[in-house]
Amino acid sequence: MSGSTYLAYDYPLLSVFWSMLVFFLWIMWFVLLFRIVVDIFRDDKMSGWAKAGWLVFTIVLPFLGVFVYVIARGKNMGRREAAQARAQQEAFASYVRETAKGGDGRPSSADELAKLSEIRGRGDITDEEFRRAKELVLSGHGPSERAGSSAADS
């Protein structure tokens with residue numbers, strides 16, 4: 001028998017499972033440690049000295065520091081993370097709205113067409129007026145462009 005065959009006999013299946021469990025618990029502990037370090041820096045209510053103290057505590061005595069932090073401040077970790085996710089979502093939605101407008105504050109062609117369609121639906125303009133206004137919007141000479149050019153001419 002070769003050397004690798006002897007290793008398979010010396011390392012039974014249950015030992016492989018225990019080794020995998022210990023390995024994954026170790027990985028989970030590192031993930032928790034990094035989340036705590038990020039949470040320490042994320043907390044705006046904590047002073048700089050408190051942040052430094054918690055950071056030193058989690059680095060010098062990692063197991064004890066992590067467990068004490070989770071017990072003392074664990075409830076608000078989720079709230080801070082949810083607040084940050086909410087703020088990121090709002091910033092992204094705001095960016096998408098600004099980009100959809102064109103970034104210069106003027107309504108887009110799609111917005112103008114939607115308004116024209118709504119006005120026609122109420123019966124305030126005829127189909128012929130709607131068609132002419134739609135052609136102006138699609139050609140790039142809609143109401144917002146004409147207002148900008150007349151302001152520039154004066």
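This report walks through a predicted model, from its overall layout to its core, its salt bridges and its surface.

## The overall layout

Let's start with the big picture. The chain has seven helices and zero strands, so to speak a run of α-α-α-α-α-α-α when you read along the sequence. Of the 154 residues in the chain, 16% are buried. As for how the chain meets itself, take the contacts with a separation of 6 or more: residues 24 or more positions apart account for 44% of them.

On the outside, the chain exposes about 11,600 Å². Carbon and sulfur atoms supply 66% of that area.

## The nonpolar core

Which residues make up the largest nonpolar core? There are nine in all: Trp29, Leu33, Ile36, Ile40, Met46, Trp54, Val66, Tyr69 and Met77. Two elements, α2 and α4 (62–101), give two or more residues each to this core. Helix α2 provides the largest share, with four residues. As general background, nonpolar side chains in soluble globular proteins tend to be buried together.

Trp54 is a handy core residue to click on. Leaving out residues up to four places away in sequence, Trp54 touches Ile40, Met46, Gly65, Val68, Tyr69, Ala72 and Arg73. Three of those partners, Ile40, Met46 and Tyr69, are themselves listed in the core.

## Thr58, a buried polar side chain

Now have a look at Thr58, which sits in helix α3 (residues 48–60). Is Thr58 buried or exposed? With a relative accessible area of 2%, Thr58 is buried, because the cut-off for that label is under 20%.

So what does the Thr58 side chain do with its polar atom? A polar atom of that side chain lies 3.0 Å from the backbone oxygen of Leu55. Beyond residues up to four places away in sequence, Thr58 touches Leu33, Ile36, Ile40, Gly65 and Val66. Among them, Leu33, Ile36, Ile40 and Val66 belong to the largest nonpolar core.

## A buried salt bridge and its network

Across the whole structure, a search turns up ten salt bridges. One of special interest to anyone tracing the fold pairs the side chains of Arg73 and Asp43, at 2.0 Å from N to O. Arg73 is in helix α4 while Asp43 is in the loop between α2 and α3, so this pair ties together parts that are 30 residues apart in sequence. Both Arg73 and Asp43 are buried. Arg73 also turns up among the residues that Trp54 touches.## Salt bridges in α6, and a shared network

Glu128 takes part in two salt bridges in helix α6 (residues 127–138). With Arg131, the side chains meet at 2.3 Å, N to O. These two are three residues apart in the helix, which puts about one helical turn between them. Both are partly exposed: Glu128 has a relative accessible area of 39%, and Arg131 has 36%.

Glu128 also forms a salt bridge with Arg132, where the closest N and O atoms are 3.9 Å apart. Arg132 and Glu128 are four residues apart in α6, again separated by about one helical turn. Arg132 is partly exposed as well, at 44% relative accessible area. Elsewhere, salt bridges that share partners join Asp39, Asp43, Arg73 and Arg80 into one network.

## Asp39 in the network

Asp39 lies in helix α2 and counts as buried, at 2% relative accessibility. How far apart are Asp39 and Arg73 in sequence and in space? They are 34 residues apart in sequence and 9.6 Å apart in space, going from C-alpha to C-alpha.

Not counting residues up to four places away in sequence, Asp39 touches Tyr69, Met77 and Arg80. Tyr69 and Met77 are members of the largest nonpolar core, and Arg80 belongs to the salt-bridge network.

## A nonpolar patch on the surface

To finish, turn to the outside of the model. A nonpolar surface patch of about 1,300 Å² is made by Leu13, Leu14, Phe17, Trp18, Met20, Leu21, Phe23, Phe24, Leu25, Ile27, Met28 and Val31. One of these residues, Leu21, has its place in helix α2 (residues 13–42). Leu21 is partly exposed, with a relative accessible area of 41%. Helix α2 is also the element that gives the largest share of the nonpolar core.

Methods:
Residues numbered from 1 in each chain as written. Predicted model: local features only at pLDDT ≥ 70, side-chain atom pairs only at ≥ 80, totals over all residues. Heavy atoms only, no water. Patch = residues over 30% accessible without salt bridge, like charges linked within 9 Å, V, L, I, M, F, W, Y side chains within 5 Å. Areas by Shrake-Rupley, 256 points an atom, 1.4 Å probe, with all protein chains shown as cover. Salt bridge = Lys/Arg side-chain N within 4 Å of Asp/Glu carboxyl O. Buried < 20%, exposed > 50% of the residue type's maximum accessible area, 1.4 Å probe, protein only. Core = buried A, V, L, I, M, F, W, Y, C linked by side-chain atoms within 4.5 Å. Contact = heavy atoms within 4.5 Å. Polar contact = N/O pair within 3.5 Å; in protein donor to acceptor, adjacent residues only side chain to side chain.
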